[in-house]
Amino acid sequence: MLITLLGLATAALLTVIGLIFHGLWLIALARRQRRGLPLVVTHARWLNPNLLRLHLRHRYFLPLPRFAAGQYLTLLGTPAGARPVRRCYSLAAWTAWPWRYELCIKREEHGRMSNWLSSHACAGAPLYALPPRGHFILRDQHGPHLLLLAGGVGVTPLRSMLHAWQQRPNGRRVTLLYAGRTLNDLAYHDEFVALANQRPDFDYQPLLSQDPTTVAIWQGRLDGTRLHACLTPHSEVFICASAQLLQHALALLAQQGVPAERVHYEAFTTELAAGSGEHVVHWQGQPFHYQGQPSLLAALREQGVDLAADCWGGHCGSCRVRCQGEVEWRIQPSAPLAEAEILACCCIPRGALRLGDS
Ligand code: FES
């Protein structure tokens, strides 16, 4: 009898201990998911005065989540004395089983995350990030010729695509058109030159708008003639550039008759110039004011609306809201949108707006 009671008490005790450990494990898991992947900077180097290259590994030497070439990482920043900040950065290198992530970050004059990283992200610094995401990806079924068109730091997801192509060539040819002002603005230029020298199926063409010292064939801007010379009847086009270059490239591709379903794009975040006009914006029933801010998102954030926003460039979709009223698009959104939805980071009002959760 005593032995039975002892046995039951032991079983009950073990059950309680098990439940406590299970609860603690669930709490730890939830905290970890909220805080993101624990990473550490293993390498930080300025490629030029505005471009910071980072290598990150898992803090406990674990393998990192796999990703598709073209996807981005959302870094979670905690600047001292300021609100936490989140920003998306495209992964600049690709491998099928990653132990390391590479990012290339452009310092923006008023960019909270890029300025925080400039001072914080030295070798050994801890960082948190959400796992890779994004729709701008290279797929196996894409065509026999890839035309990659990059502007400035927009080369990062396209470099990942190049790595994926090198590891799984599929008989494809690749052309990289890379636009910048001077040779110094082109990240990874030497690597692309070396690859073009090694592989006849890779064509590399820099487009330098303000560098008269470089070879004549690399000088110039993107125009219809240059684009036409790179296109084949089956080209699949991937563009990552500033909003302005992206608009220009899309217009040229439409003139050349490239079907929209073969054009994939993403704008990288740039500081938009001020907008214009003054309008009332109703957000969840409350009136707010738009007064010439660069984007609707900027106007709402200034007035304390905590609308999620990870990329400020129209591709993560986190600032998606339902909208009644007319807007002017300042960045071509690449995140998918349903009817009556907008991305607040990409547009400004053209009149009174009524917004709500999407
Ligand atoms: S913040 Fe990413 S789409 Fe607007």
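Leaving aside neighbours within four places in sequence, which residues is R112 in contact with?

**Figure 1. Surroundings of R112 in the predicted model.** R112 is in contact with A82, R83, P84 and V85, once neighbours within four places in sequence are set aside. The residue belongs to helix α2, which covers residues 112-120. R112 is partly exposed, with a relative accessible area of 32%. G77 lies 35 residues from R112 in sequence. Between the C-alpha atoms of R112 and G77 the distance is 8.9 Å.

**Figure 2. The whole protein, for orientation.** The protein has 358 residues, and 48% of them count as buried. Seven helices and 18 strands are assigned. Along its principal axes, the C-alpha trace spans about 95 × 55 × 40 Å. Take the contacts between residues at least 6 apart in sequence: 65% of them join residues at least 24 apart. The domain assignment gives domain 1 (37-133), domain 2 (145-267) and domain 3 (278-357). Eight salt bridges are found in the structure. Several of them are shown in the views that follow.

**Figure 3. The salt bridge between R159 and E102.** The closest N and O atoms of R159 and E102 are 3.1 Å apart. This pair links distant parts of the chain, 57 residues apart. R159 sits in helix α3 (residues 155-167), while E102 sits in strand β5 (residues 101-106). Are the two partners buried or exposed? R159 counts as buried, because its relative accessibility is 7%, under the 20% limit. E102 is buried too, with a relative accessible area of 5%.

**Figure 4. The salt bridge between E341 and R320.** The side chains of E341 and R320 meet at 3.5 Å, N to O. E341 lies in strand β16 (residues 341-343) and R320 in strand β14 (residues 320-324), so the bridge ties together parts that are 21 residues apart in sequence. E341 is buried, at a relative accessible area of 14%. R320 counts as partly exposed, at 25% relative accessibility. The 20% limit falls between these two values, which means that the partners receive unlike labels.

**Figure 5. The salt bridge between D185 and R181.** Here the closest N and O atoms are 3.7 Å apart. D185 is partly exposed, with a relative accessible area of 22%. R181 is also partly exposed, with a relative accessible area of 48%. Both values lie between the 20% and 50% limits, so neither residue counts as buried or as exposed.

**Figure 6. Where domain 1 meets domain 3.** The C-alpha centres of domain 1 and domain 3 are 27 Å apart. How many residues of each domain are in contact? Seven residues of domain 1 are in contact with eight residues of domain 3. The size of an interface is often given as the accessible area lost when the parts come together. Between domain 1 and domain 3, the buried area is about 600 Å². Carbon and sulfur atoms give 37% of that area. Three residue pairs are in polar contact across the interface. On the side of domain 1 that touches domain 3, β3 (72-77) and β4 (85-90) each supply at least two residues. The largest share of that side, three residues, comes from β4. By class, the residues of this side of domain 1 divide into two nonpolar, one polar and four charged.

**Figure 7. Salt bridges at the interface of domain 1 and domain 3.** Two salt bridges are found across this interface. R86, R133 and D310 are linked in a network of salt bridges. Within the network, the side chains of D310 and R133 meet at 3.4 Å, N to O.

**Figure 8. Surroundings of H315.** H315 is found in the loop between α7 (296-302) and β14. H315 is buried, with a relative accessible area of 7%. What does the side chain of H315 reach at 3.2 Å? The partner is the backbone oxygen of A267. Apart from neighbours within four places in sequence, H315 is in contact with Y72, C88, H135, E266, A267, S334 and A335. A267 thus appears both in this contact list and as the polar partner of the H315 side chain.

Notes:
Residues are numbered from 1 along each chain as its sequence is written. This is a predicted model: local features need pLDDT of at least 70, side-chain atom pairs count only at pLDDT 80 or more; totals for chains, interfaces and linings use all residues. Side-chain values use heavy atoms; hydrogens and water are left out. A salt bridge is a side-chain nitrogen of Lys or Arg within 4 Å of a carboxyl oxygen of Asp or Glu. Helices (H or I, at least four residues) and strands (E, at least two) are DSSP runs, numbered from the N terminus. Buried means under 20% relative accessible area, exposed over 50%, partly exposed in between (1.4 Å probe, protein chains only). Domain bounds come from an automatic or database domain assignment. Contact means heavy atoms within 4.5 Å. Buried area is the accessible area (1.4 Å probe) that two parts lose on being put together, summed over both. A polar contact is a pair of N or O atoms within 3.5 Å; within protein, one must be able to donate a hydrogen and the other to accept it, and residues adjacent in sequence count only if both atoms are side-chain atoms. Ala, Val, Leu, Ile, Met, Phe, Trp, Tyr, Cys and Pro count as nonpolar, Asp, Glu, Lys and Arg as charged, and the others, Gly among them, as polar.
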